[in-house]
Amino acid sequence: MTEKRRALAGVTALTLALSAIAFTEAAYAAKPVGSDKGATTEQSAGSNSNGIYAAARITYSGSVAPNGRSGNVTSADVNWTPPPCWYAPYLGAKDFKKKMSQDIESQMGAPGMGGHAGAALSELKRHYEDEYGWTDTPGYKDYNVDKDGEGMFWAAVENPNEPDLLKRSSCNDLPFWVDNGEAPPPQYEQAITPEILAALAYQHMQLPDTEVSLAPEQTTKVNLPTWAWLDKAVFDEVQATAAIDVPGFNLQATTTARPVSLTLEPGTDDAVTYPASGECLINNDDSIGEPYARGKADRTPPCGITYLRSSGNGTYNLQATITWDISWTGTGGAGDDLPDGTFGNGQAVTVQEIQSVNR
């Protein structure tokens, strides 16, 4: 962004503050959402008493966390994060003029609004009223009201689930016009895309809270192999969809998570895992591990643990973490992979000091 645009963007920060709050604030359905693939969480459109309509709201559906919260997926790539902000359709020309012109006039009339701030406000007004622009940012004639209904002004949206304020507010460019059916100007790299929607669906995805089957269950013995498994009926692929739909602009992306492995962490160094890596891969029938049955007492489980020391008066916290392969598809046939996701549960295991038992 050029220095001129930075200066004007700074002036518009206060102008757009209330608009941004209304734009990003979620009005979610109260329906609880977990692994129910038919569940829906909506960010509905909103309007204020002046009739200004913030049309671009993202709707989440599928297996997503309720009330707009982040889901329970942890990215295996520590360097990957969901987008902290983006640009999306905001208001039509007439509504944008009504909102922006009122805010500009209000600020210009505020006490002490002179000097550089007053001059910047004047330039901001010229930008939207008198075609005042610069290198890659053309100005507008009367807020483009002669094109009302043929496009929208786009503005920044902050990701409310991004904890870093600086990152969240890094989309600080001035609102800009996009014709219906056209792509945003190339300098706005953070303009909403199916890929951004896919990342947001990833952020909101809620994976099933799956408990691993163990034999012996909860209480085992020192030096006795504990079998671990997940039946194929216990878990399946999970999908979450993020969509944005306003006049002249419709995008959606569906993020799909498929379980690929189970990693066991015994909760103590005095244990042996099977396999040695502790990672049990998915079987051909989409199960993981193998259920224990009579006659297997002398066998080594394909997925399991042998504890070498008693847990005494306490328990060991067995961590069972499922790794999910995550990909997405979206509008226009777009699609790609996203970083693997993980989600784990802790299970208390009591280990008794008995060297051998009959099973």
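Two strands count as paired if DSSP finds at least two bridges between them. Strands themselves are DSSP runs of E at least two residues long, numbered from the N terminus.

Before you click around: this is a predicted model, where local features need pLDDT of at least 70, side-chain atom pairs count only at pLDDT 80 or more, and totals for chains, interfaces and linings use all residues. Residues are numbered from 1 along each chain as its sequence is written, and side-chain values use heavy atoms, with hydrogens and water left out.

Start by selecting 219-221, strand E10, which runs parallel to E19 and is joined to it by three bridges. Zoom in on Thr-219 and you'll find Thr-350 of E19 opposite.

Now colour all of E19, residues 335-352, and add 74-75: that's strand E5, paired antiparallel with E19 over two bridges. Here Thr-74 faces Thr-342.

Next, show 316-330. This is E18, antiparallel to E19 with 13 bridges; Asn-317 has Ala-348 as its bridge partner. Follow the chain from E18 into E19 and you cross a hairpin with four residues between the strands, where Gly-332 in the turn has a positive phi of about 80°.

Last stop: an open three-stranded sheet, antiparallel, in the order E6-E7-E8. Select 85-91 (E6) and 176-179 (E8): these are the edge strands, each with a single partner, so one side of each has no neighbour in the sheet. Then pick 151-158, strand E7, which four bridges join to E8. Trp-154 is a good residue to centre on, with Phe-176 as its bridge partner in E8.
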